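Here are some short exercises on the empty and filled spaces of a protein model. Try each task on the structure first, then walk through the solution.

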Amino acid sequence: MKFSEIKEILNRYNIRLTRSLGQNFLHDANQLEKIAANAQLSPSDQILEIGPGLGPLTELLLHSGAHVLAVEIDTRFIPILQDRFSEQPNFELRGGDGLELMKQHQDWSQWKLVANLPYSVASPILVEAALNPNCFKRMTVTLQWEVIDRIAAPVDTPEYGLLSLILQLRYKTINRFKIKSGAFFPAPEVDSGVISLERRSEELLPTELHPLFVKIVRQSFSQRRKMMKKLLKAQWDEYLLTEAFRKISLPETIRAEKVTLKQFTLLTLLLNQLTLQEIRL
Ligand code: SAM
């Protein structure tokens with residue numbers, strides 16, 4: 001979909017874009033192709049697209065032969081999308097909030113998420129996906145580069161934190177690349193990019209321990225400059241923490257940003273085990 005086509009459709013339907021809904025439309029054909037390529041589409045895929053807008057990405061997704069469920073919150077785009085795609089049997093359209101739809105339909109394990117996400121809800125959407133044990137097998141999404149940096153951040157970097165660890169617990173970053181602001185209409189004020197995430201084939205922690213993992217990580221990063229053990233003392237007994245830190249050779253003075261994903265998973269297992277032992281005594 002060319003820039004001139006976007007302008008023509010918006011004029012024809014007399015639509016003024018709504019900034020709060022993150023309406024920055026992608027009109028660069030090369031970037032759209034690159035997103036579709038990173039999603040590794042096949043005719044047997046089921047794809048959720050949150051925020052199809054005028055449908056430039058939808059068009060490519062449908063072209064792959066995959067089943068595409070598109071959910072758009074802005075009702076002004078619904079007739080446009082229907083006009084463009086309703087005759088295609090692999091197209092399904094819903095009006096409404098994509099985040100709510102994700103929460104209602106719980107089993108996404110056989111689906112892929114492919115979307116140029118509205119930036120205001122991009123992080124909540126990805127966190128909701130990663131906290132669901134039946135989450136998408138692959139996610140290829142456009143969002144703020146700053147958020148992509150945090151998702152893919154390695155340990156011991158300023159970007160490494162709660163968002164990195166929640167996403168990395170279930171997903172591996174397969175690829176990421178920047179997109180110039182000029183590829184969007186209107187151009188967003190922040191840098192943008194695409195990240196492709198693939199669900200891990202093996203869970204790093206049993207599902208029932210994921211809430212505890214999130215609780216530990218959240219508390220550990222609640223004040224980045226402080227020693228992690230001191231922060232955890234607000235919620236766990238000191239002697240349990242001493243025992244757990246000793247067992248995985250974590251220095252007492254370590255700060256959360258130096259603790260790897262593997263070490264956080266071990267700490268979760270140990271704190272769970274030691275707390276259960278204490279209850280039994
Ligand atoms: N996919 C189109 C493209 O690439 O040009 C539009 C992407 S635009 C960045 C984001 C789209 O998401 C807009 O069409 C906006 O109306 C829609 N949107 C915003 N919040 C939404 C939500 N919570 N659920 C579904 N769609 C939403």
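**Exercise 1. The cavity**

How do the residues of the lining of the largest cavity divide into nonpolar, polar and charged?

Solution. Keep in mind as you start that this is a predicted model.

- Step 1: count the cavities. There is 1 cavity of 30 Å³ or more, and the space in the largest cavity is about 30 Å³.
- Step 2: find its walls. The lining consists of Met102, Trp108, Glu128, Ala129, Asn132, Cys135 and Phe136.
- Step 3: sort them by class. The lining of the largest cavity has 5 nonpolar residues, 1 polar and 1 charged.

**Exercise 2. The ligand and its shell**

Describe the surroundings of the ligand, going from the residues of its shell to single atoms.

Solution.

- Step 1: list the neighbours. The ligand has 23 residues around it, and those that come nearest are Gln23, Gly51, Glu72, Gly98 and Asn116.
- Step 2: sort the shell by class. It holds 11 nonpolar, 8 polar and 4 charged residues.
- Step 3: trace the shell back to the strands. At least two of its residues come from each of strand E1 (25-26), strand E2 (46-50) and strand E3 (67-72).
- Step 4: look at the polar atoms. A polar side-chain atom of Asn116 is 2.8 Å from an oxygen atom of the ligand. On the backbone side, an N or O atom of Pro52 lies 3.3 Å from a ligand nitrogen atom, and a polar backbone atom of Gly53 is 3.5 Å from an oxygen atom of the ligand.
- Step 5: ask how much is covered. On its own the ligand has 590 Å² of accessible area, and the protein covers 98% of it.

**Exercise 3. The largest pocket**

Work out which helix gives the most to the lining of the largest pocket, and what fills that space.

Solution.

- Step 1: identify the occupant. The ligand takes up the space of the largest pocket, whose volume is about 400 Å³.
- Step 2: count the lining. It has 31 residues, with Leu21, Gly51, Glu72, Asn116 and Pro118 nearest the centre of the pocket.
- Step 3: assign the lining to elements. E1, E2, E3, helix H3 (56-63), helix H5 (98-104) and helix H6 (119-131) each supply at least two residues. H6 gives the most, with 4 residues.
- Step 4: sort by class. The lining of the largest pocket has 18 nonpolar, 10 polar and 3 charged residues.

**Exercise 4. The second largest pocket and a cis bond**

Find which residues lie closest to the centre of the second largest pocket, then locate the cis peptide bond that leads to Pro186.

Solution.

- Step 1: take the volume. The second largest pocket holds about 330 Å³ of space.
- Step 2: look at its lining. Of its 16 lining residues, Arg19, Asn24, Pro186, Pro188 and Glu189 are closest to the centre.
- Step 3: sort by class. This lining has 6 nonpolar, 7 polar and 3 charged residues.
- Step 4: follow the backbone at Pro186. The peptide bond from Phe185 to Pro186 is cis, with omega near -10°. Pro186 itself sits in the loop between strand E8 (184-185) and strand E9 (192-199).

**Exercise 5. A backbone angle**

Which value is phi of Asn14 near, and where is Asn14 found?

Solution.

- Step 1: read the angle. Phi of Asn14 is near 55°, a positive value in a residue other than glycine.
- Step 2: place the residue. Asn14 is in the loop between helix H1 (3-12) and E1.

Methods:
Residues numbered from 1 in each chain as written. Predicted model: local features only at pLDDT ≥ 70, side-chain atom pairs only at ≥ 80, totals over all residues. Heavy atoms only, no water. Near = heavy atom within 4 Å. Polar contact = N/O pair within 3.5 Å; in protein donor to acceptor, adjacent residues only side chain to side chain. Areas by Shrake-Rupley, 256 points an atom, 1.4 Å probe, with all protein chains shown as cover. 1 Å grid on protein atoms, 1.4 Å probe; cavity = no way out; pocket = protein on both sides within 12 Å on 5 of 7 lines; lining within 4 Å. Sits in = over half its atoms within 2 Å of the grid points. Nonpolar A, V, L, I, M, F, W, Y, C, P; charged D, E, K, R; others polar. Points joined across faces, edges and corners; volume = space filled by probe spheres on them.
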